[in-house]
Amino acid sequence: MSSSGTEIRDDRARGVLEAYAGGEVAGKIVYFTLDAPETALVPVHTEVEPAHEGEGIAGSLARELYAMAAREGIAVAPLCPYVVKWAERHPDEAPAASAGLAAAARDKQRSEPTTW
């Protein structure tokens, strides 16, 4: 399941990590940034366009989200069911968030409906 030819771009202002294939958006992870108790990226939704299902797009997006966080020295606290499952299958690439961080992410999502 290769996603060769796919370009992934982060739009932090919009909170969207997008995969482009053939010049069009093939998939995305919608996320928000948590500031406390520590800075973290919180993915809330993963979506792949039907024409690109089965190409490994979602996995490539999840991998890049964790790599991006690692480069920035911050955590990932996934709320998106797909990213949670991906992280469980790739513990070497996806360090688990602390229970406190996960709870803070859920609280922010509940208290600020605009986060998704």
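**View 1. Tyrosine 20 and its bridge partner in the predicted model.** In this predicted model, tyrosine 20 has valine 25 of E3 as its bridge partner. The wider setting is the antiparallel pairing of strand E2, residues 16–21, with strand E3, residues 24–34, which are joined by 6 bridges.

**View 2. The open sheet and its edges.** The sheet is open and consists of 5 strands in the order E1-E2-E3-E4-E5, and the pairing among them is mixed. Strand E1 (6–11) and strand E5 (75–76) form the edges, each of them pairing on one side only.

**View 3. Two helices packed on the sheet.** Helix H1, residues 57–72, packs on the sheet and touches E1, E2, E3, strand E4 (40–48) and E5, with its direction at about 35° to that of E3. Helix H3, residues 99–111, also packs on the sheet, where H3 touches E3, E4 and E5, and its direction makes about 105° with that of E3.

**View 4. The largest nonpolar core.** This core has 23 residues, and Leu17, Leu41, Leu65 and Tyr66 are those with the most contacts inside it. At least two core residues come from each of E2, E3, E4, H1 and helix H2 (81–89), while H1 supplies the largest share, 8 residues.

**View 5. The surroundings of leucine 17, and a second core.** When neighbours within four places in sequence are left aside, the residues in contact with leucine 17 include Ile8, Arg9 and Asp10, as well as Gly27, Lys28, Ile29 and Tyr31, and also Leu61, Glu64, Leu65 and Met68. A second core, separate from the largest one, has 12 residues, among them Val30, Phe32, Leu101 and Ala104.

Key:
Residues are numbered from 1 along each chain as its sequence is written. This is a predicted model: local features need pLDDT of at least 70, side-chain atom pairs count only at pLDDT 80 or more; totals for chains, interfaces and linings use all residues. Side-chain values use heavy atoms; hydrogens and water are left out. Two strands pair if DSSP finds at least two bridges between them. Helices (H or I, at least four residues) and strands (E, at least two) are DSSP runs, numbered from the N terminus. Contact means heavy atoms within 4.5 Å. Axes are lines fitted to C-alpha atoms, for helices over the stretch in contact, and angles run from 0 to 180 degrees between N-to-C directions. A nonpolar core is a set of buried Ala, Val, Leu, Ile, Met, Phe, Trp, Tyr and Cys residues joined through side-chain atoms within 4.5 Å. Buried means under 20% relative accessible area, exposed over 50%, partly exposed in between (1.4 Å probe, protein chains only).
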